[in-house]
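I opened this entry to look up charge pairs, the nonpolar core, the ligand site and backbone oddities. My notes follow the order of looking.

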Amino acid sequence: MIYHRRPSWRLPESAATPESLFWNRRQALAAMGFGALSAALPALPANAREAGTDWTPKPPLDPAYADAGRPVTAEKITGAYNNFYEFGSHKGIAQAAQEMPTDPWTLEIDGLAENAGRIGLEDLLAKMPVQERIYRHRCVEAWSMVAPWIGFPLADLVKYAGPTSEAKYVRFQTLADKDSMPGLRQSWYPWPYTEGVSIEEAKNPLPFMVVGAYGKVLPKQFGAAMRLHLPWKYGFKSAKSIVRISFVAERPVGYWEQLQASEYGFWANVNPEVPHRRWSQAEERDLATGDEIPTQLYNGYGEEVAGLYKGLDDGDRTLWY
Ligand SMILES: Nc1nc2c(c(=O)[nH]1)N[C@H]1C(S)=C(S)[C@@H](COP(=O)(O)O)O[C@H]1N2
Ligand SMILES: [Mo]
């Protein structure tokens, strides 16, 4: 069974409005002088994907990722303590993030891929095995949480995109919307936010494209409409609000690596034995309890991912930073 988000939104196929017609209708209404267009068109399915509303029916919980070994961190904690520099370089961005337009959402697939092109999120989800997974998340700043995500494996998106044999890396690009994102005015930051993984990492079953959390359509502060989660890497690798995925031959240099390569390297695999230049990574603060708990190599996901790094030089610090 394929799980759509809120199938009740869907009109019968015969009545569905293609996105192009939707936009034409918006333009027509704009010409007629209707300003608040999103409010003017509530019945259209492309306009009904509302961040934070219940996901019905709830997608099945993947039994392999049903237990993170710690309780799920309450949404009132994780939803009010976010890193999302587009909205400011502090944790209290949740309210500002509500201004971000996330509906409709389109993903651009480009670069070295057979099936390059643009696809609407709803169409993409209809092709993907949407499921729930409970993952640990470890920020490079030494705090952590457990989040119940709804999403699909990045590996399935890679399969859909059909990368050519020249594609060695995958690059993710975040929305950069000047109107809603005050952080973009801070011109010394390398906008848009980008990140990357190797093609082997992208094909591993663990990377998850997240479109929901806590049984809801992804609330905006978590990176609506679609973000990545790489649970064995420091949190900055997990780009939010992804609008573009590129298959490339050269290793991409992400946002944080551009800012400070000596502290935020490409691999950024969680490792308690390799300190950040300015602090230890041996422990992490559990957002739920405030307790300091030991950090695990690969954030405890070594069984799934350690093999990816076998051939690589362990002496190379960039394996970790
Ligand atoms: N576009 C974008 N993605 C981002 C960030 C960001 O500032 N902008 N911060 C990263 C960092 S440092 C972390 S820890 C996680 C935080 O995700 P959360 O706020 O959903 O917990 O998002 C990552 N993805
Ligand atoms: Mo982070």
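These are my entries on this chain and its ligand, read from a predicted model.

**Salt bridges**

I began with the charged side chains. Side chains of opposite charge can pair when their charged atoms come close. I found a count of 12 salt bridges. I then looked up three of them.

K58 pairs with E132, with 3.4 Å between the closest N and O atoms. K58 sits in the loop between α2 and α3 and E132 in strand β3, so this pair ties together parts that are 74 residues apart in sequence. I checked the accessibility of both partners. K58 is partly exposed at 48% relative accessible area. E132 is buried at 7%.

K91 pairs with E141, and here the closest N and O atoms are 3.1 Å apart. This bridge also links distant parts of the chain. K91 is in the loop between α3 and α4, E141 in the loop between β3 and β4, 50 residues apart. E141 is partly exposed, with a relative accessible area of 33%.

R138 pairs with E284, the closest N and O atoms being 3.1 Å apart. R138 belongs to strand β3 and E284 to strand β11, 146 residues apart. Is this pair buried or exposed? R138 has 0% relative accessibility and counts as buried. E284 is buried too, at 2%. I followed the charges further and found a network of salt bridges that links R70, R138, E284 and D286.

**Nonpolar core**

Next I turned to the interior. In soluble globular proteins, nonpolar side chains tend to be buried together. The largest nonpolar core here has 82 residues. Which residues have the most contacts inside it? I noted W149 and F247. Strand β4 gives the largest share of this core, 6 residues.

I listed the surroundings of W149, leaving aside neighbours within four places in sequence. Its contacts include F208, V210, L218 and F222. Charged residues are on the list as well, among them E132, R133 and R227. E132 is the buried partner of K58 noted above.

**Ligand 1**

I then moved to the ligand. It has 18 residues around it, and N82, Y85, E86, S238 and K240 come nearest. I looked up three polar contacts.

- A backbone N or O atom of Y85 lies 2.7 Å from an oxygen atom of ligand 1.
- The side chain of E86 places an N or O atom 2.8 Å from a nitrogen atom of ligand 1.
- The side chain of T174 has an N or O atom 3.2 Å from a nitrogen atom of ligand 1.

How much of the ligand does the protein cover? I read 99% of the 540 Å² of accessible area that ligand 1 has on its own.

**Backbone exceptions**

Last, I checked the backbone. Most residues other than glycine have a negative phi, and most peptide bonds are trans.

I noted two cis bonds. The bond from T56 to P57 is cis, with omega near -10°. P57 lies in the loop between α2 and α3. K58 is in that loop too. The bond from W191 to P192 is cis, with omega near -5°. P192 lies in the loop between β5 and β6.

I also noted positive phi values outside glycine. A268 has phi near 50°. A268 is in the loop between α8 and β11 and is buried at 0% relative accessible area. N299 has phi of about 55°. N299 lies in the loop between β12 and α9, and N299 is buried at 2%.

Note on methods
Residues are numbered from 1 along each chain as its sequence is written. Chains are lettered from A and ligands numbered from 1 in the order in which they are written. This is a predicted model: local features need pLDDT of at least 70, side-chain atom pairs count only at pLDDT 80 or more; totals for chains, interfaces and linings use all residues. Side-chain values use heavy atoms; hydrogens and water are left out. A salt bridge is a side-chain nitrogen of Lys or Arg within 4 Å of a carboxyl oxygen of Asp or Glu. Helices (H or I, at least four residues) and strands (E, at least two) are DSSP runs, numbered from the N terminus. Buried means under 20% relative accessible area, exposed over 50%, partly exposed in between (1.4 Å probe, protein chains only). A nonpolar core is a set of buried Ala, Val, Leu, Ile, Met, Phe, Trp, Tyr and Cys residues joined through side-chain atoms within 4.5 Å. Contact means heavy atoms within 4.5 Å. A residue is near a molecule or strand if one of its heavy atoms lies within 4 Å of it. A polar contact is a pair of N or O atoms within 3.5 Å; within protein, one must be able to donate a hydrogen and the other to accept it, and residues adjacent in sequence count only if both atoms are side-chain atoms. Accessible areas come from the Shrake-Rupley method with a 1.4 Å probe; for residues, only the protein chains shown count as cover.
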